[in-house]
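Student: Could you walk me through how to read the strands, helices and interfaces of a model like this one?

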Amino acid sequence: MTFLNELTKGFIKENPIFVIVLGMCPTLAVSTSVNNAIGMGFAATFVLICSNIIISMIKDITPDKIRIPIYIVVIAAFVSIVDMVMAAYTPALHKSLGIFIPLIVVNCIILGRAEAFANRNTVLSSLADGIGMGLGFTFSLIIVATIREILGSGTWLGFKVMPVTYDPMLVAILAPGAFITLGFLMGMMQMMKNKRSR
Amino acid sequence: MGYLGKLFFMAMTAVFINNYVLSRFLGLCPYLGVSKKLDSAFGMGMAVIFVMTMASAFTYLINTYLLVAYNLQYLQTIAFILTIAALVQFVEMVIQKNAPSLYKALGVYLPLITTNCAVLGVAILNTKATWNDGTAYTFIDAVLNGFLSGIGFTLVLLLMAGIRERLEYADLPVNMKGMPIGLILAGVMALAFYGFMGFKI
Amino acid sequence: MKYIIQLGLILLIFCAVASGVLAFVNSKTQPVIAARKALEEEQTRKELMPEAKVFEEKVSAEDSTFIYYIAKDDKDALLGYCFIAAKRGYSSVIRTMVAMDDKYTIINMKVIDQNETPGLGTLCQDKAFPERFKGRGFDELKADKDGGTIQSITGATITTRAVISSLKDAIQILKDDLAEIEVPADMQTEVKPLDKKALRALKNRLEVLPEAKTFVEKKALADSNFVYYIAMDSLNKSIGYTVEASKQGYCSEIKLLAALDNELNIRQIKVLNQDETPALGAECQEGYFLKRFNGKSANALKVDKDGGMIKSIAGATITTRAITNCLRDTITKLKSELQARNTGGSK
């Protein structure tokens, strides 16, 4: 029951991007295509799951005073592993995500979950939280990327979905399009929330 | 192009053309989070300029004399983030002891900066950045780039805060209040900053 | 105090474990990355030149970072060359793999590495872009915006220009490296054997001072970076000097080689390197312009716009002024150097 709860809350109720508004930089920067969004989402999910597990395992032996530096070391180690593995096995994706792979370290979602959840929960529920939050993050990234890729390139995951006559709206995959897309998506989330509460 | 010309080029790039927030998407959390009031935006901006300059200097030295020298580039991420975290902690302690008024103004923002990806971003990009002729940044270049990037960050943060303060009184659709309109605003600003693109010195 | 040490130790242990794990992962992934990169480059070479059977790796003698491949078919006949050209574009370094035939005409090319603006500069990886380059020789590499015929990518002129200029640079290095440099057999050189770079410099000196039989290298007493050559004929009598001069022009560093007679009047000059505005400043390497300097002494070197006698290139006064002034300064420097040597010798 609780395990399932932890697993699903990341999608809607505590969606890291739309509701808690964390980890904006990668959300906006790599959502130019669905392919990048999936890559980034899984990289962050992997780091999130691993760091959640390790941190909940060592929570009893970490002195409170230096817990933040220790979290950072753990997270940075996993980020570096992801960085190297991606460079070796998915070089194209590694290149298009570029600097945002090392920057997963400072993705507030990961440190935020370590501090707010893994720090005081069991390994199992931390694992569920990691999976849920990670997939919620990936899911939100894919939504933003879907809108931007279809409007901006006329494709989805590389396949042409718009009619040949469609002239791609370039601005959608450039920086301004990222902000505006996310702005409207958040407006929609608020609208849904307001309707439900009324 | 003399060194002064190169500096001018670097300043234009860091502040306008490749602004860290609006075109590189770095440092968005404080950009959206601390831009509700002009005062706090100013404090945050100053703290970021300070830490970015210091972090550029330290990470440049660590990268050149430790990581590259001993072929340990794979430790870059972990070394840089620890440097920045330690630096922020150290700066906080020093100004708390020696400049209480400064600490009062910046203190609350300092811990937030550790997770400001613009700081780590500028440190990583400094190691990869090159001039147009392909030469790598020197120590001075890296420090200046950190400083100027901080200025660029502060500029857009202040612009954003100025607009958002006025936005408080605007008659907005209920659903768009707060974060959504902030993001759309950022989009319009990014569009405006795109005017600097293609502008090459 | 003891508590702080304990905290430090705990943190140290964490860092050590993390570094150890990373070192292990790094040792496993590094060879994979290197192998993959090499394999990718090889595949691209085969894709660009499918009929080639052997790619012979060569390193340029002058620029050791430039590696090129000589492509041969199964009968060991020369098919052409394959190399990577790289230059900074708008927001990244663009690397292009190029295949050329033995007459330096582009057969095919592929942008293998770039990070330009999405939707604009990134179009250089489209299929249409290399088509614009196929069948072109060195002199036909010019963007439409610069008066050439290669269609630029809309909204990405800087990217297009960077690719073109990277190709030109690389082809030049390749040509230089493959060209045989012949020096007259009776030419006496102090150092033998000369490497390619030194040979080319010698060849340039000979071009501006063909009567010379020996060049004696001298370093200025006052400034050891200032190098000049005393040219001797077959009787070991000085017939003049050659000296290099360089100065920033309008948009590039202009490098010149000047031959002077014994009275330090200009015999002939040659432009070694320039990248000035096409059709304007770039005219400075044409013979008609260079002739304007022949026979001039240091005092006569002044551009007409500044009240002198050297006629400027129309629309490129800055280029003309740079050339004239750097020649004047260099000759003046050489004069004081020779005087210093003379007085020094008489003491």
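Student: What joins strand 3 of chain C to strand 4 of chain C?
Tutor: A hairpin, with four residues making the connection. Helices (H or I, at least four residues) and strands (E, at least two) are DSSP runs, numbered from the N terminus. This is a predicted model: local features need pLDDT of at least 70 and side-chain atom pairs count only at pLDDT 80 or more, while totals for chains, interfaces and linings use all residues. Residues are numbered from 1 along each chain as its sequence is written, chains are lettered from A and ligands numbered from 1 in the order in which they are written, and side-chain values use heavy atoms, with hydrogens and water left out.

Student: How many bridges join strand 3 of chain C to strand 4 of chain C?
Tutor: Nine, and the two strands run antiparallel. Pairing is called when DSSP finds at least two bridges between two strands. Across this pair, C:Ile84 stands opposite C:Met97 of strand 4.

Student: And what does C:Met97 stand opposite in strand 5 of chain C?
Tutor: C:Lys110. Strand 4 (residues 93-101) and strand 5 of chain C are antiparallel as well, paired over six bridges. C:Thr96 has C:Val111 of strand 5 as its bridge partner. As a general idea, in a regular strand the side chains alternate between the two faces of the sheet. The hairpin of strands 4 and 5 of chain C also has four residues between the strands, and there C:Tyr104 takes a positive phi near 60°.

Student: In what order do the strands of that sheet lie?
Tutor: The order is 1-2-3-4-5 in chain C, an open sheet of five strands with antiparallel pairing. At its edges are strand 1 (54-59) and strand 5 (106-113), each of which pairs on one side only. From one strand to the next, the twist averages 25°.

Student: Which helix packs on the sheet, touching strand 1 through strand 5 of chain C?
Tutor: Helix 1 (residues 2-48) of chain C packs on it, and its direction makes about 45° with that of strand 4. Helix 3 (residues 157-178) of chain C lies across strands 1, 2, 3, 4 and 5 too, running at about 135° to strand 3. Contact means heavy atoms within 4.5 Å. Axes are lines fitted to C-alpha atoms, for helices over the stretch in contact, and angles run from 0 to 180 degrees between N-to-C directions.

Student: What is the strand order in the open sheet that has strands 6 to 10 of chain C?
Tutor: It reads 6-7-8-9-10, with antiparallel pairing. Strand 6 (214-219) and strand 10 (266-273) of chain C are the edge strands. Strand 8 (residues 238-248) and strand 9 (residues 253-260) of chain C pair over eight bridges, and C:Ala245 stands opposite C:Leu256 of strand 9.

Student: How do I read two packed helices?
Tutor: Use the angle between their axes and the distance between the axes. Helix 7 (residues 123-153) and helix 8 (residues 175-197) of chain A pack at about 125°, with axes 10 Å apart. The contact includes A:Ile143 and A:Ile147 of helix 7 and A:Leu182 and A:Leu185 of helix 8.

Student: And an interface?
Tutor: Its size is often given as the accessible area lost when the parts come together. Chain B and chain A bury about 3,100 Å² between them, 83% of it on carbon and sulfur atoms. Buried area is the accessible area (1.4 Å probe) that two parts lose on being put together, summed over both. The contact takes 36 residues from chain B and 37 residues from chain A.
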